[in-house]
Amino acid sequence: MKLKLLFSAVSIIFLCNCTSTPSLTVLCEKERNGNYILKWEIYPEMDNVPVEIFVSDNDSVFPSEPELIANSNDYIAVVEIDSSSIEKRKFFRIKLAGTTSGVITNRFFELDSIQNFRDIGGYLTNDNRRIRWGKIFRSGSFYKMTSRDSLKLDNLEIKTSIDLKSTDVIKKVVERYTKVNNIRIPIAYNGYSAISQKIMDGQFLRGDAIVYTQDTYRDMVNNFAKEYATFFDYLCDENNYPIVYHCYLGKDQSGLATYFLFKALDVPMDEIEDDYMASDIGIDRTKLVKGADSLSESRQETFTMLTKTDLAYLRYGVSCIREKSGSVEDYMLKELNLTPEKRKKLKSILLYKHK
């Protein structure tokens with residue numbers, strides 16, 4: 001394993017006499033070749049402070065000595081991984097000036113034919129706990145899964161795959177990921193195939209896409225609470241983990257499922273919204289429609305609105321929840337059967353104490 005700095009190397013000299021503990025924010029990305037990119041921000045800024053990078057194959061156990069040492073002024077480093085170990089996921093902690101980050105690793109996975117596949121670990125809760133990495137993933141559809149994609153998912157040791165795709169799409173899909181326990185919980189009726197053809201025919205425009213998506217969220221809230229309750233029954237069984245749940249693009253049925261899950265775990269709303277909006281990073285619209293660049297401007301705009309992640313949709317869904325039950329908490333308790341006991345169970349499975 002090697003550390004490659006993206007900027008000129010400088011001598012590591014501690015020049016800051018700050019007495020307060022700095023705030024440290026760290027991000028991690030994984031390149032297609034298997035290397036990891038670590039980026040950090042420090043507040044207040046510190047010049048030429050040693051940055052100790054601890055590396056592990058296990059998110060719960062780290063060595064006492066750093067694997068690598070960088071410099072605070074670099075703000076970014078590449079951890080090069082030997083080709084023989086590319087498929088073994090790495091976890092990191094960074095320490096400087098007495099401050100140690102939480103456990104970090106890559107959130108997104110670059111797959112051949114699966115959109116928006118990501119780990120939803122790492123988020124901080126209101127009581128200073130974090131969601132465990134490698135326990136639960138959200139994703140777009142698996143129906144075009146390649147053998148290479150399957151191998152990458154095998155490496156994550158997933159036991160349970162929960163398919164939330166709508167009833168019309170699910171009938172046409174042959175299950176490609178047969179190595180796990182496949183659970184189907186169809187939520188909503190989207191009519192994607194018919195709508196796609198209407199867009200191509202110029203009969204479905206930008207405004208139609210907005211109304212359609214709002215109707216989908218209202219439908220999920222009003223008519224599919226039982227299905228979401230079943231979804232949480234699987235999540236409350238520790239024997240089912242690691243779990244991945246997915247829908248067509250991993251943004252609507254899966255987006256609402258993640259909202260409920262994060263609320264049950266007491267994740268702050270800004271973190272919930274950040275994760276919801278992350279689907280815009282995970283969805284590659286150029287892969288959704290053949291010859292998308294040759295479509296008319298209005299058709300391109302309609303497809304964009306149909307596949308777009310917008311906080312307005314999540315907030316509209318939340319307004320439907322409040323309209324139905326008075327509050328999100330009452331909806332989760334009465335409609336989803338997320339009792340205090342179930343929420344406690346979810347927390348025991350998915351959270352650890354952040355230090």
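I'd like to start with the open sheet, in which four strands are arranged in the order 5-4-7-8 with antiparallel pairing, and I should say straight away that we are looking at a predicted model. The edges of this sheet are strand 5, residues 68–71, and strand 8, residues 99–100, each of which pairs on one side only. Inside the sheet, strand 4, covering residues 50–56, runs antiparallel to strand 7, covering residues 91–96, and the two are joined by five bridges. If you want one position to look at in that pairing, take I53, which stands opposite I94 in strand 7.

Let me move on to a pair of helices. Two packed helices are described by the angle between their axes and the distance between the axes. For helix 6, residues 253–264, and helix 12, residues 340–350, the axes come within 9 Å and cross at roughly 95 degrees; since angles of 65 to 115 degrees count as roughly perpendicular, helix 6 and helix 12 are therefore roughly perpendicular to each other. On the helix 6 side the contact is made by L261, K263 and A264, while helix 12 contributes R343, L346, K347 and L350. By residue class, this contact of helix 6 with helix 12 divides into four nonpolar and three charged residues, with no polar ones.

Finally, the protein as a whole, which has twelve helices and 15 strands. Of its 355 residues, 51% count as buried, and the accessible surface comes to about 16600 Å², with 48% of that belonging to carbon and sulfur atoms. Among contacts between residues at least 6 apart in sequence, 71% join residues at least 24 apart.

How values were computed:
Residues are numbered from 1 along each chain as its sequence is written. This is a predicted model: local features need pLDDT of at least 70, side-chain atom pairs count only at pLDDT 80 or more; totals for chains, interfaces and linings use all residues. Side-chain values use heavy atoms; hydrogens and water are left out. Axes are lines fitted to C-alpha atoms, for helices over the stretch in contact, and angles run from 0 to 180 degrees between N-to-C directions. Angles under 35 degrees count as roughly parallel, over 145 as roughly antiparallel, 65 to 115 as roughly perpendicular and the rest as oblique. Contact means heavy atoms within 4.5 Å. Ala, Val, Leu, Ile, Met, Phe, Trp, Tyr, Cys and Pro count as nonpolar, Asp, Glu, Lys and Arg as charged, and the others, Gly among them, as polar. Buried means under 20% relative accessible area, exposed over 50%, partly exposed in between (1.4 Å probe, protein chains only). Accessible areas come from the Shrake-Rupley method with a 1.4 Å probe; for residues, only the protein chains shown count as cover. Two strands pair if DSSP finds at least two bridges between them.
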